[in-house]
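The following exchange concerns aromatic rings and the reasons behind the terms applied to them. Please consult the structure while reading.

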Amino acid sequence: MSHVKLLTMEGISKSFGKAVVALDDVRFELEKGEIHALLGENGAGKSTLIKVLTGVEERDEGEVELEGEKIHPRSTNEAQQIGISTVYQEVNLCPNLSVAENIYIGRAPRQKFGGIDWARMNKDAEELLGRFDLKLDVTKSLDNYSVAIQQMVAIARASDIKARVLILDEPTSSLSNVEVDKLFSIMKRLRQEGMGIIFVTHFLDQVYEVTDRITVLRNGRYIGTYKTSELTRMELVSKMIGKDYASLNKSLQESREEKKETKAGNVFINMKKVSHQGSINDMDLTISRGEVLGLSGLLGSGRSETARVLFGIDQVTGGELEINGEKVHLKHPLDAIKKDLAFCPENRKTEGIIGDLSIRDNIALALQAKKGLFKKISKKEAQKIADEYIKKLEIKTPSADQLIKNLSGGNQQKVILARWLATNPQLLMLDEPTRGIDIGTKAEIQKIVIDLAAQGMAVLFISSELDEELRCCKRIVVLKDMERAGEVAGDEISEGAVMQIMAGGEAS
Amino acid sequence: MKKRLSKLSGSQAFWPVMIFLAIILFNTIMTRGEFLTISIVDGHFYGRIIDIFRNGGKLMILAAGMTMVLATGGTDISVGSVMAISGAIACSIINGNLLPGLGGNVAMAIILAILAGVTCGLWNGFLVSQIKIQPIVATMILLVAGRGIAQLITNGKIITINSDAYYFINGGYILGLPFPLYIVLFLVGLLLLFVQKTAFGLFLESIGCNPLASKFAGIKVNKFLLAIYTISGAFASVAGLIESAGIKGADCNNAGLNIELDAILAVAIGGTNLMGGRFSIFSSVIGALIVQSITTTVLALGVPAAYIRVLKAVLIIVICLAQSSKFKVSLGKIFVGKRGRKEAVAL
């Protein structure tokens, strides 16, 4: 490798208001022909650093140099023009335009009289995608293709704009393994061409597979830059979370040991051949007090849909639902809440948090709804509840007055968890509770779940990460094609057993 | 003390109150104090300030109702037409054209007019919450149809009535102060009390910020929307009564014409987020006073009435700029300049 400095960021600071310091004297350095991982927990300052670099946010202090030249982009457009391109986690292309249009939007090749040279544009687009081994009909609109393909198109677009620096902000979270491999081969090729790539991700495996160096941030501070080959996973994780991962894992282990001893209590939820048109079919499911029941299956298999029916969001169209031995008809989430059910939905942003409200209000909300409009929880009481859970769940915030949208994803999730725990539920349903959350917080949340079950709560745990389910659950029900496909429990639980059922092996 | 001051200036009502006081101060200086004089005739207070409060009554009531609608992220542009309907019903009953069996009973006329407002609000709420029509379109239906309905009630004529009891709604005095002020105090006070004593405010802000998450947290969003549009309709009908009592009759073409825009303006001046979320009914009421005081200012200064709209436009621009955080930042940069910046760093 050439070791030519491409980008240096020095002494970068950025704060939002007085209370929130997002970046404090952060350094970052990128070489030509390098894939450099930018790692840190949620709230470490990765995204803010990227935003400063791409001109979305203006830095308060610090210098940025690109190939020895001081730069100060004030918009993503400006950043792109000087050669810094970004591909975000959520694809930000126009799904209604054609693939070629998306790639060349704003810089389409022109004919003599100013009209767009469509033929050339389509040809160029095909050629460009060909470099990435993608054969698409570039005249078709983008929404004809999967999210993965869209992501590739975004990367193709970004890498084509005379990019010197390519930023990939969690590009793999929606990709399958095969697609990730493809992406990596593209990244490696771009690296060979001398491009510097900044790679932000939560997946440590990928860090070790593809990156050359790692820079770790924590709480807005620079922790260090390391050669990937010289840093063990344990060391890396400890640097990211600022505490010894081994000890954290140990306490989780202990919780699990305890879990083994506690026996499941009596049945709390009993679904008898419950259906909801188009989402679940003839579902038989029981959840007992004191157990963490895992619900596994591929996307669209009916995992989240089962929880939605249980919580009264979708109505039962067939079969019977019993809660605590009593036949019920849930027409609205409030009906479920009154039966002591609680549900942390999958989409934290759209279905969970009330962004512009304080942490205190967010926590009090469900309890207030349960109590009704007229039994107002006083500000003092709400403050007390909020303080209690901020302490108990270790929510990182200056105070309960902070707006929830200013918190990191992991802390937002803890607030939503606090909202439901405040209602004192008997069944807690968690849909992807640790998605997009750093491993430190992940382990904390898993521990909380196991502890709650040990105290007698029934928990329904939905996760697309199998090892997480294996770690938390004593019993896993596997769904397939909107139906129950099988169940594994106790000592039979293993990744292989669950996958076999998922893939259509024999149901037990 | 300093802390208390900063808490005060941080509250949503701070700037609206300041703007209102500034307008009054401006007028007082321009009219060499005449603006502030309050005379007592027959035990009634008269003066420009009293005028603002009396004539602004309708707008204050509408703004209070509109605040809640806007806080849900919706809007209600039908309030002017609802005012026309309510005035038409009340006046038609009093002069015996409608329901002659009631014998022109003023109390019944008022009750039925308000019931009509409630019905209009229910209709709007039904369209928005059940049929899921966009609020601006849903309430546009009544905006257009409402005046037609009012004209059907009055047979397309301007009705004049003769009823001292009805005139009292706008022209009456209690303890020297105009009666509309008491209506405002009652309705706004009731609303503020409701917000204060129940979880209404929390639910409303929650729905305005994120209706889906609110539903998932157990709030019955649809019922809530229905109730809020209904309150807005009821408040509009009261405003309609004040208006028609003021002109001593019902003019379906002009009653409450374009007043929905003034009401929305008042809420915006009050600093409530028109996209939904944080709201303050008190600030909106002050906002309504500001809008009203502009009209009074123009009249007090002897400026042709045609300028009122232009002045309002200028004020909207100023207020929007004052509330834009981006503008404040760039303004700060101009004033502080490079030298000041260095000092700030040194500090």
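Q: Why is A:F184 called buried?
A: A:F184 has 1% relative accessibility, and buried means under 20% relative accessible area, exposed over 50% and partly exposed in between, with a 1.4 Å probe and protein chains only; therefore A:F184 counts as buried.

Q: What makes A:F199 buried or exposed?
A: The relative accessible area of A:F199 is 0%, so A:F199 is buried.

Q: How is the model obtained, and how are its parts numbered?
A: The model is predicted: local features need pLDDT of at least 70, side-chain atom pairs count only at pLDDT 80 or more, and totals for chains, interfaces and linings use all residues. Residues are numbered from 1 along each chain as its sequence is written, chains are lettered from A and ligands numbered from 1 in the order in which they are written, and side-chain values use heavy atoms, without hydrogens and water.

Q: How many aromatic pairs does the structure hold over all chains?
A: There are 11. Rings of Phe, Tyr and Trp (its six-membered ring) pair if their centres lie within 6.5 Å; planes under 30 degrees apart count as stacked, over 60 as edge-to-face and the rest as tilted.

Q: Why do A:F184 and A:F199 form an aromatic pair, and what makes it edge-to-face?
A: The centres lie 6.1 Å apart and the planes meet at 90°, so the pair satisfies the limit for centres and the edge-to-face cut-off.
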